[in-house]
Amino acid sequence: ATPLGSIFPGIHITRSATINDFDTVDYYRVTVEQPITSGVALQNITGNLDVDVLDSNGNLIARGNNLGSSNEAFQSGLLTPGEYFINVFQTAPGITSNYDLSLFPASANINPPPPPNPPTPPNPPTPPNPQPQIIRFDGQIDGGDEVVRNREDTSFVFKEDFLLNATPGTPLTIDLTSANNGFDPLLEVYQLPPNTPVLEVNQQAILVAANDNGGGGVNARIGPGVPSDVTILSPGTNTPISVPAELTLAPEFQYLLRLTYTELPIIPIGGFSLNASVPDGFISLAPVRLGVTVADPIVAGNPPINEFSNGGSFF
């Protein structure tokens with residue numbers, strides 16, 4: 001490196017030279033005895049030359065890298081006493097240019113420009129607020145409904161069925177509330193293979209959730225934290241097993257919600273109110289008679305496209 005000696009505030013240093021393919025870079029060395037700030041200028045150039053300022057360890061402190069034959073001019077803080085290097089170089093082969101390198105040391109009382117502020121990270125997107133979705137309606141179970149065997153005493157009871165669909169993996173809450181004395185409602189949910197007609201005697205229909213409020217109550221509920229109170233016999237072994245009273249749906253199955261009862265008054269009418277909900281997403285109920293859907297689904301929320309069956313036979 002060509003020594004330029006020590007630099008002091010107010011004493012300018014200028015050197016002229018030429019860069020070409022035979023001399024692609026010129027190295028200069030200066031000595032700083034006290035912290036200073038120096039202007040660095042590269043002038044009278046006819047080709048694209050850049051200039052670097054490095055500390056004694058070769059770390060880049062400042063750079064002038066204007067495009068084309070534009071002059072370079074910038075400030076560089078030389079804040080630690082010692083040696084510094086100034087390199088003038090061509091930016092690509094084939095560039096030939098004369099240059100004048102000038103250093104303009106400034107007063108030691110001038111502080112170097114502060115470093116730029118770090119970029120402010122973008123605010124994370126605000127998650128959407130959960131929107132509970134609820135289906136409510138009133139109805140009654142009577143002699144005009146379909147008949148099914150009671151699981152407790154094998155007698156025939158009336159029932160209403162609905163094809164149940166909801167956001168997969170979301171806990172459902174279903175309340176079946178009695179509207180008249182002597183009517184003890186029972187909720188059952190069956191899991192069925194997708195898009196497959198399933199008769200009641202077919203073992204592919206699996207009871208996956210049920211509740212009758214322990215019997216003798218006026219409400220039945222399936223939902224988070226509800227204890228199991230319905231027992232069935234395991235196929236083959238006849239071993240009693242408890243049916244859960246909590247429910248989430250899996251996308252690879254379809255589900256049938258059954259509204260029925262364990263007790264009905266002498267006048268065989270069971271008035272009820274049904275509430276079915278999810279904390280977010282969507283829920284739908286489509287009436288089913290004789291194993292097929294008979295009406296468009298009642299929907300709360302916005303189900304994805306193709307979430308509904310084509311209305312074939314279900315149960």
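**Exercise 1. Place R258 in the fold, then decide whether R258 is buried or exposed.**

Start with the strand: R258 lies in strand 19, residues 254-263. Strands here are DSSP runs of E with at least two residues, numbered from the N terminus. Before going on, keep in mind that this is a predicted model, where local features need pLDDT of at least 70 and side-chain atom pairs count only at pLDDT 80 or more, while totals for chains, interfaces and linings use all residues. Residues are numbered from 1 along each chain as its sequence is written, and side-chain values use heavy atoms, with hydrogens and water left out.

Next, accessibility: R258 has a relative accessible area of 2%, so R258 is buried (buried is under 20%, exposed over 50%, partly exposed in between, with a 1.4 Å probe and protein chains only).

**Exercise 2. Work out the strand order of the open sheet of 5 strands and find its edge strands.**

First, the order reads 1-3-8-5-6, with mixed pairing. The edges are strand 1 (2-7) and strand 6 (60-64), each pairing on one side only. Now pick a pair: strand 3 (residues 25-32) and strand 8 (residues 82-90) run antiparallel over 8 bridges (two strands pair if DSSP finds at least two bridges between them). Within strand 8, G82 is the residue opposite V32.

**Exercise 3. Which residues does I298 touch, leaving out those up to four places away in sequence?**

Begin with its place, strand 23 (residues 298-301). I298 is partly exposed, at 37% relative accessibility. Its contacts (heavy atoms within 4.5 Å) are I135, F137, I283, S284 and L285.

Conventions. Helices (H or I, at least four residues) and strands (E, at least two) are DSSP runs, numbered from the N terminus.
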